[in-house]
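Student: Could you take me through one part of this protein up close? I'd like to look at a single sheet and see how its strands fit together.

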Amino acid sequence: MTWVYIVTNRQADRRATFSGIQAPRSRVAARGLLAEQSILHGGRGMATVQEGGCACGAVRFRVGAAPRRVGMCHCMTCRRIHGSAFGVYAVFARGDVEFFGRTEAWRSSGEARRHFCPVCGSVAYMEYLATPEIDLPLGAFDETGLYEPGYELWCRRREPWLPQGVRTEFEEDRP
Ligand SMILES: [Zn+2]
Ligand SMILES: [Zn+2]
């Protein structure tokens, strides 16, 4: 894997590249809240570090690695909290996710906590207290086309007009 390390700060726009590849300056500058933080790029031109946040910007996050898995969920809770036909979550190791801003949470089932932005109500993330993982909603990322779901959960609740047989399907949760 090729890594490019870019550092910016107010005093000087310092850049250090270890491979001769540089990300466009405008891309770094456009990151707003996180523009002064370091950004790592790796892989086939796809940035490993990605950012996202809620609709109003009060909650922001940054991931420092690729997700462990990505899945669609048709369960009634995901339908309702997203106000959509399904939810899509990218699941990361807890240590690979940083948050900025305050969230509130409610208990959606035993160990599950659903966090949201208290200002705009956007879904922020989901976690199971017993597991070292964070589920980030795909639609909260700043970029599109980052991750593609590999499986679907709760297919017995899937809208009949959605495509079937596209990826691994589970009638309910993952076994
Ligand atoms: Zn918000
Ligand atoms: Zn669900």
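Tutor: Sure, let's start with the whole protein: it has two helices and 14 strands, where helices (H or I, at least four residues) and strands (E, at least two) are DSSP runs, numbered from the N terminus. Keep in mind that this is a predicted model, in which local features need pLDDT of at least 70, side-chain atom pairs count only at pLDDT 80 or more, and totals for chains, interfaces and linings use all residues. Residues are numbered from 1 along each chain as its sequence is written, while chains are lettered from A and ligands numbered from 1 in the order in which they are written.

Now for the sheet. Three strands make it up, in the order 4-5-8, and it is an open sheet with antiparallel pairing (two strands pair if DSSP finds at least two bridges between them). Strand 4 (50-53) and strand 8 (97-100) are at the edges with a single partner strand each, so one side of each has no neighbour in the sheet. On average, neighbouring strands here are turned by 20° against each other, direction ignored; the axes behind that angle are lines fitted to C-alpha atoms, for helices over the stretch in contact, and angles run from 0 to 180 degrees between N-to-C directions.

Let's zoom in on one pairing. Strand 4 and strand 5 (residues 60-63) run antiparallel and are joined by four bridges. Find Gly52 and look across to strand 5: its bridge partner there is Phe61. As for what holds such neighbours together, strands of a sheet pair through backbone hydrogen bonds, either parallel or antiparallel.
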